[in-house]
Amino acid sequence: MKASPPSEEYSDNQPMSEDYEKRAVEFREAFQGLRGEMEKFLVGQGEIIRSVLAAFFVEGHALLEGAPGLGKTAIVRTLAAAAGLRFSRIQFTPDLMPSDIIGTNLIVEDEHGAKRFRFEPGPVFANIILADEINRATPKTQSALLEAMQERQVTVAGEQHLVPRPFLVLATQNPIEMEGTYPLPEAQLDRFLLKLNVGYPEANDLHEILNRTTREHSPAVSAVPLGRLDGLRELVRAVPVVREVEARAVQLVLATHPERPESVPLARKFVRYGASPRGAQALILCAKVSALLDGRYHVAKDDIDAWALPALRHRLIINFEGEAEGVTPERVVSEALALPR
Amino acid sequence: MDAIVVRRLREAQRRLVLQQFIDYAVPGLFAGLAVFAVSRIAAASIPAAEVPWWAAVAISLILAALAAMRRWRSLRSVALELDARAKTKDRFLTALALPPSETRPFLGAVRRETSMFASTLRPREHLALRIPVGKALWLLLPIIALGLWEGVRVWQARGLAPELATAQELIEQARRAAELEADKDEALQRIAEQLQGAEHQLNLSTEPLREALRTLSDLEQRLSSQSSLDAGEAGALAEALSRNHGELASNLRAGRNAEAAKNLAKLDPAELATALEQAARHLEARRLRELATQSGAAAKMQLGVMLGSSSADGKEGGRRRFVAALRDIRNGTPVADRDPSRQIEGAEASPGNEKSPSHAADNAPPSGLPGTEKDFGRGEDIAQQAEPLSSAASSEDFVEGEIGDGTSLIALFRAAGNDDPHARRVYRNAYQTAAPAALDAVSREQIPAGSRLLVRRYFEAIRPKE
């Protein structure tokens, strides 16, 4: 519910916080600007774009799962173009080596003929990384990305190299082809802030896609001035959450733990491991983005509920019975969402 | 906390309490009416179990109000409800939970935004009162049950109408009887008051026993005054005797009681009993019937006394004689110790002897002073000369001559101390009439124990021999 104009009863005797309100406006404008640019090229993926942008502003990483050709790569490329950031694409294959991702030390000879090692950065040294079909690489290669995702640095030959800021990994995986793939380990999945299921576009959207991509002139994406991106990210984290609202995130996370008394029946029966604390962090951070976008300066329970599926679905591990019964993490999370607030 | 937010929350709180009261009042009234219906039904066998309807309803409503206020006593719960109903995105909950002491700029922005929002919100629009009509229908159940129960009772009452009328009639009769008993109680109350006065005198007088006995003699006098034969009874008796005893009948009709008494003394006891029975049947007179059931001699004696009492000028004398007899008893003067010539009546009395010593002794001063053994209740004659009772100037009219084989009542009382069984029986009757009433009055009133004991001891002293 949007706030209506204040009535005569309202008196502005509160401490002025116009600076924050201006910055909130800037945030909304930046967000909507990026979204607008991306939607010039992408059709029918509004919710995915919104989620990717949320991950972008809270410095999280997103895992996009969907069939080939649904625009996963286009989303990432468009974001990089709209944000004016350096983009890097890594196609994960079974023979991809860690050094292919993070870089390696090369022996180089200087003008005096002396030889020395020089670090040659890999594709991970970019602002926005597209890890395409990440489940096709071996776990060794996948884990090479872990340090960069979590620590924002890579270590080569004992030497640490910081990745540039901002740093966003957007990985894609194909859920259809399972042969020759290496499902991501739980620890690595947990490092993704959100897992987004990219769905098939509706008929109208498909028409629009054809309209935009089969003409002589494809729409061009222009960069949006973001100003101080760090400032916007700080603004998001400054949004207050009262304990009663925060309790909703805790409630949802604990509801997925089978050993907890707060768990829902489906979790008690079919879940092996529940969501980690990173899940609660993801819920609160994304909810803050939603609050700012909604013109509020506080988080509501509705904001948290809205992010429950993308933030928690990849953090649940269904047990064998659940797999056999066809129980999905989404069902468990939906049951948790049905809990009274 | 922002004042506007608090104001809105209070407004919502009142609204929620009212709605909650309505929600609770329906089941509360249901329970109250159910309790009332059950108590009403149970009251048929246990009258104390009935609960007034207003009490059941009032208690239900009070409990509902208290429960509603308790449910929404905290603003936090109100904020939660208001946020949920008005879809405020937890603005009120956030405004309520913000730390008041913290002054971070972003918190200021939050307060500003929530306050602006609260100023535009009207809780009334989101918390509309609703009547739980579906639940309210349940209230009909106890009402219908109660109506059925009352209907059955009314129907049963119609069937019992004759019995009810009979019962009401019986109650009315009982009420009348109670009123009659109340009249008797009043008479006893008067006696008790007299006894209380006597006791008072008993405490003040130097001769307590004498004064008390005086009062008792007055009481006996009053009782004896009721024994006169009235005109109806005399007429009925004359009618019964007219066939075989014309003279007696004519004397009775003419009011010549002295002559009638003489004739009566000569009458056969069996005939007298028959005549009394006829007269009693004719007149429905209880006294005559009682006389008829007595022995012939006793009946004759009693009738003689009654005739003497009912004579125009002999009423006072009869009472005096009765009192004198009581005084004799009171003074403990045995009949045998007395001078026979002083006996005022009886078979030994000389009829028509105007100078009878007994008559002279009745009025002879100073021995005739009230309270003395010579006092026969004629205090007014103390200053006068001794005057024969049978003289023309005297107001007394003794039954002269022989009135029968038996003795007079006074003589009987005088002889009661001896071994005459008949005298003792009559005396016992007189004692049994006066003593219980007096003792009962004494025991019921607030009388000092010593004085009460004195009265009892007096009655013990004059108790007839077994």
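Reader: Where do the axes of helix α11 (residues 231–241) of chain B and α12(B) stand to each other, and at roughly what angle do they cross?

Author: In this predicted model, the two axes come within 8 Å and cross at roughly 165°.

Reader: Why are α11(B) and α12(B) called roughly antiparallel?

Author: Angles over 145 degrees count as roughly antiparallel. The crossing here is roughly 165°, so α11(B) and α12(B) get that label. The hand of the crossing is left.

Reader: Which residues make that contact?

Author: From α11(B) come Ala234(B), Gly235(B), Leu237(B), Ala238(B) and Leu241(B), and from α12(B) come Leu248(B), Ala249(B), Leu252(B) and Arg253(B). Sorted by class, that's seven nonpolar, one polar and one charged. Gly counts as polar, in case you wondered about Gly235(B).

Reader: What makes α12(B) roughly antiparallel to α13(B)?

Author: Helix α12 (residues 246–254) and helix α13 (residues 257–266), both of chain B, have axes that come within 8 Å and cross at roughly 150°. With the cut-off at over 145 degrees, that makes the pair roughly antiparallel. This crossing is left-handed. On the α12(B) side sit Glu247(B), Leu248(B), Asn251(B) and Leu252(B), facing Glu259(B), Ala260(B), Asn263(B) and Leu264(B) of α13(B). The classes here are four nonpolar, two polar and two charged.

Reader: Over to the loops. Why does Lys89(B) count as buried?

Author: A residue is buried if 20 or more other C-beta atoms lie within 10 Å of its own. Lys89(B) has 26 such neighbours, so it counts as buried. Its place is in the loop between α3 and α4 of chain B, and its phi is positive, about 60°, although it's not a glycine.

Reader: And what makes Lys87(B) partly exposed?

Author: Exposed takes 12 or fewer neighbours, buried takes 20 or more, and partly exposed is in between. Lys87(B) has 13 C-beta neighbours inside 10 Å, so it counts as partly exposed. Lys87(B) lies in the loop between α3 (75–86) and α4 (91–97) of chain B, with a positive phi near 50°.

Reader: How do you know that Asp294(A) counts as partly exposed?

Author: By the count again: 17 C-beta neighbours inside 10 Å put Asp294(A) in the partly exposed class, which lies between the limits of 12 and 20. Asp294(A) is in the loop between α11 (277–293) and α12 (301–306) of chain A. Its C-alpha is 8.7 Å from that of Arg28(A), 266 residues apart along the chain.

Reader: What is the form of the peptide bond from Arg165(A) to Pro166(A)?

Author: That bond is cis, with omega near -5°. Pro166(A) is in the loop between β7 (159–162) and β8 (168–173) of chain A.

Reader: Which residues touch the most other members of the largest nonpolar core?

Author: Out of 130 residues, they are Val52(A), Ala62(A), Leu79(A), Ile129(A), Leu170(A) and Leu283(A). Helix α1 (residues 3–42) of chain B gives the most to this core, with 11 residues. Setting aside residues up to four places away in sequence, Val52(A) touches Ala62(A), Ile75(A), Leu79(A) and Leu170(A). Another core, of 19 residues, lies apart, and includes Leu241(B), Ala249(B), Ala260(B) and Ala275(B).

Reader: How many helices and strands are there in chain B?

Author: Chain B has 21 helices and zero strands, and 38% of its 466 residues are buried. Chain A comes to 15 helices and 11 strands, with 41% of its 341 residues counted as buried.

Key: Residues are numbered from 1 along each chain as its sequence is written. Chains are lettered from A and ligands numbered from 1 in the order in which they are written. This is a predicted model: local features need pLDDT of at least 70, side-chain atom pairs count only at pLDDT 80 or more; totals for chains, interfaces and linings use all residues. Axes are lines fitted to C-alpha atoms, for helices over the stretch in contact, and angles run from 0 to 180 degrees between N-to-C directions. Helices (H or I, at least four residues) and strands (E, at least two) are DSSP runs, numbered from the N terminus. Angles under 35 degrees count as roughly parallel, over 145 as roughly antiparallel, 65 to 115 as roughly perpendicular and the rest as oblique. A crossing is left-handed if the near helix is turned anticlockwise from the far one by less than a right angle, and right-handed if clockwise. Two residues are in contact if their C-beta atoms, placed from the backbone, lie within 7 Å. A nonpolar core is a set of buried Ala, Val, Leu, Ile, Met, Phe, Trp, Tyr and Cys residues joined through C-beta atoms within 7 Å.
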